[in-house]
Amino acid sequence: MGQLMALGPADLRPYNIDFDHVESFLAASPAQLVSTWGIDPYSSRGFELEFSGGAYRAIVSTPSSPNDWRITLDFLAALAGHLDAPILDEDGTAYSPDSITAFPFTRDIGIGLASLQSSLDNGNTVMLDGVRRRVAVTPAMLRRITGAPSPADEFGETMRVIQQLDAYDASQMVARSPKGEILGMYTITQSVRTILPLAPTVSRGIREQIGTNTAVDWRINLIACDGPSDRAESYVPAGEVAYREAVERLPRDKVRVLDGASMLIEALDRDELDALRA
């Protein structure tokens, strides 16, 4: 992976390395790895890279952004030049390192946007993977994208802004209380921008464990900072509150809906954090 990054383009990087399980990642064979690559702050969906059957395969999602396409094509040009090998698209058309950057990706983006529209028209939920977080596309978002002078650029920028947000994606925790109730928990920490779901739902894996009809009591755990922010001991529990009540008490100027499933909570000071329990 280090050799691939060195080929360029500049600042190319993998995104989906789980550093909590880095040993298992390093122990995997090249054929077992499918990594997501891109460049900050330009990427939105990135491209997947895998190695199998003696060949590299770069997979670009449909639709993807113009930036992601350009990064992918520049990478393929560098890789093909390094290996002195041709590049084949999914139809078998061959490209050279010099010709691949002229690949007509705009048509693919248009086809992808039309597919999203059809899916939404049929009442389906549209979730798109990004380099950092998933995006739930709403009909209003897609109308704005397709109504722009350049729908491809508008789509890319819409996805990019959400991916490049400097914010903490709150993790879901689910546990059974001593009384047998199922508790679902998210955390808001003082002075930390946080992304929360508009309406929390249990992940599929946990739902299979607790049953489809089991009710979940959703709550928000509050963490205050009583000292230097770079010291772990400064962060102390500040209580908890029912999820919906906390959301209703958030200052309106600190909340921004990102897509059909999530919202950004701007950093709260101590008074604003305590007010969620009022």
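A contact is taken here as a pair of heavy atoms within 4.5 Å. By this criterion, residues 24 or more positions apart account for 59% of the contacts with a separation of 6 or more in the protein, which was analysed as a predicted model. The secondary structure comprises 9 helices and 16 strands, and the C-alpha trace spans about 65 × 45 × 40 Å along its principal axes.

Of the 278 residues, 40% count as buried. The exposed surface of the protein amounts to about 15,400 Å², of which carbon and sulfur atoms supply 51%. Charged side chains number 25 positive and 38 negative, and the centres of these two sets are 7 Å apart.

Two cis peptide bonds preceding proline were examined. One joins Asp40 and Pro41, with omega about 0°; Pro41 belongs to the loop that connects strand 2 (34-38) with strand 3 (47-52). The other runs from Thr62 to Pro63, with omega near -5°, and Pro63 is placed in the loop between strand 4 (55-59) and helix 3 (66-83).

Positive phi values in residues other than glycine were found at Asp84 and Ser191. For Asp84, phi is near 55°; this residue lies in the loop between helix 3 and strand 5 (87-88). Asp84 has a relative accessible area of 72% and is therefore classed as exposed, the cut-off being over 50%. In Ser191, phi is about 70°, and the residue occupies the loop between strand 11 (182-189) and strand 12 (194-197). With a relative accessible area of 52%, Ser191 is likewise exposed.

Key. Residues numbered from 1 in each chain as written. Predicted model: local features only at pLDDT ≥ 70, side-chain atom pairs only at ≥ 80, totals over all residues. Heavy atoms only, no water. Helix = DSSP H or I, 4+ residues; strand = E, 2+ residues; numbered from the N terminus. Buried < 20%, exposed > 50% of the residue type's maximum accessible area, 1.4 Å probe, protein only. Areas by Shrake-Rupley, 256 points an atom, 1.4 Å probe, with all protein chains shown as cover. Lys, Arg positive; Asp, Glu negative; His and termini not counted. Charge placed at Lys NZ, Arg CZ, Asp CG, Glu CD.
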